[in-house]
Amino acid sequence: MAITPKNIVLIGFMGSGKSSVAKHLGRNLGRFVLDSDEMIEKILGVSIAEFFEKEGEEAFRKKEARFIAWAKKSVQDAIISTGGGMPIFHNVRQMGFVVYLNSDFDSIVGRLDGAKIAKRPLFRDLANARELFECRREIYAKNADLEVDANQPIESIALEIVNHLDTKR
Ligand code: S3P
């Protein structure tokens, strides 16, 4: 099924369900799924949390820029799940049609257990994470071609995205 030749790029705060929705969309649409964090971790050879500790956030953002440049040039017809900070520091529209998964902060906290928080250096302090969430919301919305309520089951989120793209054909 070829709804759009463009990549579908999922953005949103940490824990908003980007990876799960991406996998679901990939299965439904028969498209390959890329996760920017997973791919960056592979070239780093260490986890993102370790990289943040050793090299700092700025160095991580440079790796994100490299991912975008590569995806823009070499990837099409895929589902791309992005790290939560990517649209804050970079232009994600270069990679394709951007969908913002908009979740409220309390639902996000409910979704993230200790292990998931440990993997996310910018979520370790709850008060800071909430502040970051508030600062970023507007930027996510501004950089999206479609905004979807992410406080619903993954199947419904995926269906909303597919239906939207289908009517745009
Ligand atoms: C970050 C989100 C993380 C990861 C890194 C920084 C952010 O990805 O890229 O820890 O700045 O919001 P997830 O959104 O998949 O947690």
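## Salt bridges within helices

In this predicted model, the side chains of Glu-138 and Lys-142 meet in a salt bridge, with 3.6 Å from N to O. Both residues belong to helix α8, where they stand four residues apart, or about one turn of the helix, and both of them are exposed. The structure holds nine salt bridges, and some of these share partners, so that a single network joins Glu-57, Arg-61 and Glu-64.

Within that network, Arg-61 forms a salt bridge with Glu-57, and the closest N and O atoms of this pair are 2.8 Å apart. Like the pair in α8, Arg-61 and Glu-57 share one helix, in this case α4, and are separated by four residues, about one turn of the helix. The two partners differ in their surroundings, since Arg-61 is buried with a relative accessible area of 7%, whereas Glu-57 is partly exposed with a relative accessible area of 27%.

## A salt bridge between two helices

Asp-106 and Arg-130 also meet through their side chains in a salt bridge, at 3.4 Å from N to O. Asp-106 lies in helix α6 (residues 105–111) and Arg-130 in helix α8 (residues 126–142), so this pair ties together parts that are 24 residues apart in sequence. Arg-130 is partly exposed, and its relative accessible area is 39%.

## Strand β4 and its neighbours

Strand β4 (residues 96–102) is joined to β5 by four bridges, and the two strands run parallel. On its pairing with strand β1 (residues 7–11), β4 takes part in five bridges, again in a parallel arrangement. Individual residues can be followed across these pairings: Val-98 in β4 is the bridge partner of Val-9, while Val-99 stands opposite Leu-146 in β5 and Asn-102 stands opposite Asp-149 in β5.

How many of the residues of β4 are buried? Seven of the seven are, and the strand is therefore largely enclosed by the rest of the structure.

## Strand β5 and a negative surface patch

Strand β5 covers residues 146–149, and Asp-149 is found in it. The side chains alternate along this strand, so that Leu-146 and Val-148 point to one face and are buried, while Glu-147 and Asp-149 point to the other face and are not buried. For Asp-149 the relative accessible area is 39%, which makes this residue partly exposed.

Both of the acidic residues of β5 named above, Glu-147 and Asp-149, also contribute to a negative surface patch, which they form together with Asp-104 and Glu-160. Residues enter such a patch when they have over 30% relative accessible area and no salt bridge, and the 39% given for Asp-149 is therefore in keeping with the place of Asp-149 in the patch.

## A positive surface patch

A patch of the opposite charge is formed by Lys-23, Arg-27, Lys-116 and Lys-119. Among these residues, Lys-23 is found in helix α1 (residues 18–29). Lys-23 is partly exposed, with a relative accessible area of 48%.

## Helix α4 and the loop that follows

Besides Arg-61 and Glu-57, helix α4 also contains Lys-63, a partly exposed residue with a relative accessible area of 24%. Lys-63 and Ile-40 are 23 residues apart in sequence, and their C-alpha atoms are 6.7 Å apart in space.

The loop between α4 (57–74) and β3 (79–81) holds Asp-77. What is the sign of the phi angle of Asp-77? The angle is positive, at about 65°, although Asp-77 is not a glycine. Asp-77 is partly exposed, with a relative accessible area of 35%.

Conventions: Residues numbered from 1 in each chain as written. Predicted model: local features only at pLDDT ≥ 70, side-chain atom pairs only at ≥ 80, totals over all residues. Heavy atoms only, no water. Patch = residues over 30% accessible without salt bridge, like charges linked within 9 Å, V, L, I, M, F, W, Y side chains within 5 Å. Areas by Shrake-Rupley, 256 points an atom, 1.4 Å probe, with all protein chains shown as cover. Salt bridge = Lys/Arg side-chain N within 4 Å of Asp/Glu carboxyl O. Charge placed at Lys NZ, Arg CZ, Asp CG, Glu CD. Buried < 20%, exposed > 50% of the residue type's maximum accessible area, 1.4 Å probe, protein only. Pairing = 2+ DSSP bridges.
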